[in-house]
Amino acid sequence: MNFGYYLRYVQWPWALPLIILLPIITAWLVRWGIRARRERLARLGTPSMIARLAPSIAQQRTSSAILRAGLATCLIAAAIAGPRWGVEQTVVKQQGVDVVLALDASLSMLATDERPSRLLAMKQEINRLRDLSPGDRFALLAFAGRSYILTPLTVDQSALDLYLQNLDPSIVGQGGSSLASALRQATNLLALNKSQGDKAIILMSDGEGFDNPDEVLSEAQRARQMGFTVISVGFGTQQGSTIPVIENRVVTQKRDENGNVVVTHYDPTLLKEIAAQAGGVFIDAATPDKAGKIRLALNNLHANPRSVVSGENLGIQYQWFLLGALFLLTLDTFLQTKRRRRRALAAAAATATMLMLTISCRGVPRDKAAITLYNAGTQLLRRDSLQQAIPPLTKAADTKDLEARHHSRFNLGLDYLVQGRRSKDSSDAKLDSALFRYKQILEVAVADSDARWNYELALRQKKGGGGGGGGGGGGGGGGGGGGKSQSPNPAPSPIQSQAPKPVPGMTPQQAEAVLNAAEDKETDVQGQHQKKNVPAPPRGKDW
């Protein structure tokens, strides 16, 4: 038996022995106290006289008193251990800016003139910058011969860690160094974000670019015109270094098309011109604390206040055990009071208990209009009226009711996904709409495995792969409560026979692991395919 798995339901496992020790100690003390009291009373007179003088003590049952006291202390000890169930989110109010990290993932970043390599040194600086910027949102963009968005703007540290750990030249799949495409895509990504506050692009590279310098500077000027701050950061040395590559498990040196060993050099010229043209900041490769310099530059920007969900965890539910212990202690006190006061004490105890339960169980007001729209759209979705279901679900997707908004966005994405899978002419527009809705869900609920599964399915369908999975049951969107009566809570999931889902019999964790493995494999295949079919970069340089 895996006890470690069950310990996750307890906040303080060291307190679990108290559940046994405290009742035993309490039972012994209660028994000793009752016996000592009876011995003292026995010295005053005969048992019949004591029964008339102190009937509450003479008639007190030792076993029932011990049972109530022991059970009450057992509940108190369980509350001390901190039992946990359900899910709670920790929301933190923070201020920060939106930052796109444009990272050079070309072969030249494998050079070892910076220890352990330019690429690893860049990752270390990024991790230090993230530690210094807890309130900022980051997006990752990798570039070599072309640029590739790894993550949108997010505060999900685990996702950023995952993509940073796997960042290497094989991610992009096309050799060369195109600074222009990186600046262009980073600017477009920030332009799509409508949040208040300043935004920044941090370009990290060795400066060895093979594209047109005029095009690069034009993109830098465009970023400045849109109000974005550009910070260029250099890596490497001007003395340069060879590029180690692994072929057939043997480490060799990168060679050009003529068979000569390639020596890559850090070139700060273009990086300086980018910062100057964009009105930003240039940080040289020789700067010892690059992350600190970047943080100083970001401190001059206007931060945007936001609520950040720092994580989801099991909620501590100790209060229910304390309520049970309070009830037993109140009952014990009630049984020992005089007869004429029993009704008043019982009424007071009941009133206090009901008040506490009312306060603890008070609900949150719901948006009934949004729920009505959601139920109407879901009924249409269930009847396969996909076009008619879009308007009510779109309106419900903008409500402030978190639950109704989540389910409306999921079913709206499901509607677009089903249309995209069926359509042969305009499937890209439908699939883009499905991807947008599932992105909205994943930005708030990163752990939603059903939304992640359908997002991956839509992405593969758009690429032409067919999704790799057929129809199947719904993935958690929620159904409608049709008819004359409407429920304030969304009902169960619609069109169980059409919505994509994980393979039956698999847990969400297993399905997510299969998706990640398939995604890694697809990335490798695409990288190999791109290396074979993409035309050679200008002047034959692919590092």
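**Exercise 1. Arg84**

Determine whether Arg84 in this predicted model is buried or exposed, and state which element holds the residue.

*Solution.* Step 1: The relative accessibility of Arg84 is 12%. Step 2: The cut-off for a buried residue is under 20% relative accessible area. Step 3: Arg84 is therefore counted as buried. Step 4: The residue belongs to strand β1, which covers residues 84-96. Step 5: In space, the C-alpha atom of Arg84 is 7.7 Å from that of Tyr318, although 234 residues separate the two in sequence.

**Exercise 2. The chain as a whole**

State how many helices and strands the protein chain has, what percentage of its residues count as buried, and what percentage of contacts join residues at least 24 apart.

*Solution.* Step 1: The secondary structure consists of 19 helices and 12 strands. Step 2: The chain has 543 residues, and 41% of them count as buried. Step 3: Taking contacts between residues at least 6 apart in sequence, 76% join residues at least 24 apart.

**Exercise 3. The nonpolar cores**

Identify the residues with the most contacts inside the largest nonpolar core, and the elements that each supply at least two residues of this core.

*Solution.* Step 1: The largest nonpolar core comprises 33 residues. Step 2: Inside this core, the residues with the most contacts are Leu101, Leu103, Met122, Ile202, Met204, Ile294 and Leu298. Step 3: At least two residues of this core come from each of the strands β2 (98-104), β3 (137-143), β5 (199-205) and β6 (229-234), and from each of the helices α6 (118-132), α7 (157-165) and α11 (290-299). Step 4: Helix α6 provides the largest share, 5 residues. Step 5: A second core, separate from this one, has 27 residues, among them Val100, Val230, Leu271 and Ala278.

Step 6: Met204 may be taken as an example of the surroundings of one residue. Leaving aside residues up to four places away in sequence, Met204 touches Ala102, Leu103, Asp104, Met122, Ile126, Phe143, Val233, Phe235 and Ile294. Step 7: As general background, nonpolar side chains in soluble globular proteins tend to be buried together.

**Exercise 4. Packing of α6 and α7**

Classify the relative orientation of α6 and α7 as roughly parallel or roughly antiparallel, and describe their contact.

*Solution.* Step 1: The two axes come within 11 Å and cross at roughly 170°. Step 2: An angle over 145 degrees counts as roughly antiparallel. Step 3: Helices α6 and α7 are therefore roughly antiparallel to each other. Step 4: From α6, Lys123, Ile126, Asn127 and Arg130 meet Gln157, Leu160, Asp161, Leu164 and Gln165 of α7. Step 5: This contact has 3 nonpolar, 3 polar and 3 charged residues.

**Exercise 5. Two packings that involve α16**

Describe how α16 packs with α14 and with α18, giving orientation, handedness and contact residues.

*Solution.* Step 1: The axes of α14 (residues 368-382) and α16 (residues 402-422) cross at roughly 25° and come within 10 Å. Step 2: Angles under 35 degrees count as roughly parallel, so α14 is roughly parallel to α16. Step 3: The crossing of α14 past α16 is left-handed. Step 4: On the α14 side, Ile371, Tyr374, Thr378 and Leu381 meet Ala404, His407, Ser408, Asn411, Leu414 and Asp415 on the α16 side. Step 5: These contact residues comprise 5 nonpolar, 4 polar and 1 charged.

Step 6: With α18 (residues 449-463), α16 packs at an angle of about 25°, and the axes are 11 Å apart. Step 7: Helices α16 and α18 are therefore roughly parallel to each other, and their crossing is left-handed. Step 8: Phe410, Leu414, Leu417, Gly420 and Arg421 of α16 meet Asp450, Ala451, Asn454, Leu457, Ala458 and Gln461 of α18. Step 9: By class, this contact has 6 nonpolar, 3 polar and 2 charged residues.

Step 10: Leu414 appears in the contact with α14 and also in the contact with α18.

**Exercise 6. Backbone geometry**

Locate Pro116, Asn248 and Asp384, and describe the backbone feature of each.

*Solution.* Step 1: As a reference, most residues other than glycine have a negative phi, and most peptide bonds are trans. Step 2: Arg115 and Pro116 are joined by a cis peptide bond with omega about -5°; Pro116 lies in the loop between β2 and α6. Step 3: Asn248 has a positive phi, near 55°, and sits in the loop between β8 (244-247) and β9 (250-253). Its relative accessible area is 76%, so Asn248 is exposed. Step 4: Asp384 also has a positive phi, near 70°, and is located in the loop between α14 and α15 (386-396). With a relative accessible area of 33%, Asp384 is partly exposed.

Conventions
Residues numbered from 1 in each chain as written. Predicted model: local features only at pLDDT ≥ 70, side-chain atom pairs only at ≥ 80, totals over all residues. Heavy atoms only, no water. Axes fitted to C-alpha atoms, helices over the stretch in contact; angles between N-to-C directions. Helix = DSSP H or I, 4+ residues; strand = E, 2+ residues; numbered from the N terminus. Parallel < 35°, antiparallel > 145°, perpendicular 65-115°, else oblique. Left-handed = near helix turned anticlockwise from the far one by under 90°. Contact = heavy atoms within 4.5 Å. Nonpolar A, V, L, I, M, F, W, Y, C, P; charged D, E, K, R; others polar. Core = buried A, V, L, I, M, F, W, Y, C linked by side-chain atoms within 4.5 Å. Buried < 20%, exposed > 50% of the residue type's maximum accessible area, 1.4 Å probe, protein only.
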